[in-house]
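Trainee: I want to check the labels on this model. Can we go through the reasoning behind them?

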Amino acid sequence: MESKVVGNNEDLLSGVTRRDFMKFCTAVAATMGLPIAAVPQIAEAVTSPKRPPVIWLSGQECTGCVESLLRTGHPSIETLIFDLISLEYSETLNAGSGHQAEAARAKSIEENKGKFILVVDGAIPVKDGGIYCQIAGKPVLDILNETAPLAAAVIAIGSCAAWGGVAAASPNPTGATPVHEVLKAKGIPVVNIPGCPPNPYNFLSTVIHFLTFNKLPALDDKGRPKFAYSRLIHENCERRPHFDAGRFAEEFGDEGHRQGFCLYKLGCKGPETYNNCSTLPFNDTPGCWPVATGSPCFGCSEEHVGFHSPLFSKAKVVFPTPPAQQPDAVPPKGGGAKGFAYGVAGAAIGAAAVALSQRGGKED
Ligand code: SF4
Ligand code: SF4
Ligand code: F3S
């Protein structure tokens, strides 16, 4: 039987084997692009008995972000999230409810002023004084405005919180607004972890970075951690060789779709969406991300793309040429020599096909 985690507090990470724990810390370091030398520091921070208090507020959301977080394994995020942080308040996960839960939230905020992490999922409706989303009879808009100035850091998890998401899709009847827009007037910075839902590791790695280094990870100009959102999905997509070779699925279920060809013509927004989905599968399961399952990326994590662009519209291709380090295009399954020749010759074919189809032309 494997030993349990032994850190500063032996029982802190209950039910997690040492091997799984070290694998987890290594994966977190890799996710953040940190050297292997950072693993012991991460392990020490994660097993520290000092757990940061977290207040988790929910606005207009579907609970998918929380559900996703609870479904990662080896070790389960469920174990880690409860052992790693002190979750003081979450409407979804609270054991209690009603006035007692609200009183516990107020007490925790008072006791942990300037020390707690505020996590928000869901958009914030601002129309008509924010009456379209209320908690205990109070608009979440007011609760956010009161709570955020007292937090050590604010994290907006999910595309609803980061960009408005599904609630802000046209015609946006409730005035659903991203968290950072609400807090802009107060000058409070917000870390955005967009995605619908986001990969739980992107959220967890951000929290662990804060725990380990006592500061937030480097952010891009949209408030997203650079370690997760600095590259287009299209740059590292497993179907990219087919894009470069001009091999596309034309319809769902056609021969190209079954062969695993590029999904660009089915509306894939990978070429204009910044996220690490193509390199960090969901739920610790290889191949667990939309494009690998045959579903075009709909740009769920990209501002103004997911929930705004029509599903089958063609994406704007930012980098039409393949990355330098990419190997030659692989032949289609069963394509043999003909397919391979097609691939080797085709580095520019995808770009040409895309340029034509973006202008409304026909490339065949
Ligand atoms: Fe649900 Fe997606 Fe919004 Fe998360 S981002 S709350 S999964 S709709
Ligand atoms: Fe992958 Fe989509 Fe890019 Fe095709 S268009 S290579 S499926 S990200
Ligand atoms: Fe979303 Fe596209 Fe990734 S739909 S989960 S950003 S592949």
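Mentor: Start with ligand 3, and remember that the model is predicted. Of the 13 residues around ligand 3, the nearest include Cys277, Pro290 and Cys297. Cys300 and Ser301 are also among the nearest.

Trainee: What makes a residue count as near ligand 3?

Mentor: Its C-beta atom, placed from the backbone, must lie within 6 Å of the ligand. For ligand 3, 13 residues are counted as around it. By class, they are eight nonpolar, five polar and no charged.

Trainee: Which residues come nearest to ligand 2?

Mentor: They are His234, Cys237, Cys262, Cys268 and Gly270, out of 14 around that ligand. This shell has ten nonpolar, two polar and two charged residues.

Trainee: Why is Asn112 called partly exposed?

Mentor: It has 19 C-beta neighbours inside 10 Å. Buried needs 20 or more, and exposed needs 12 or fewer. So Asn112, with 19, is partly exposed.

Trainee: Where is Asn112 placed?

Mentor: In the loop between helix H5 (98–111) and strand E3 (117–121). Its C-alpha atom is 8.5 Å from that of Leu150, 38 residues apart along the chain.

Trainee: What makes a set of residues a nonpolar core?

Mentor: Its members are buried residues of listed nonpolar types, joined through C-beta atoms within 7 Å. The largest such core has 59 residues. Leu118, Leu144, Val154, Ala156 and Val179 have the most contacts inside it. Leaving aside neighbours within four places in sequence, Leu118 is in contact with residues including Ile55, Leu57 and Val154. A second, separate core of 25 residues includes Cys237, Phe243, Phe248 and Phe261.

Methods:
Residues numbered from 1 in each chain as written. Chains lettered and ligands numbered in written order. Predicted model: local features only at pLDDT ≥ 70, side-chain atom pairs only at ≥ 80, totals over all residues. Nonpolar A, V, L, I, M, F, W, Y, C, P; charged D, E, K, R; others polar. Helix = DSSP H or I, 4+ residues; strand = E, 2+ residues; numbered from the N terminus. Contact = placed C-beta atoms within 7 Å.
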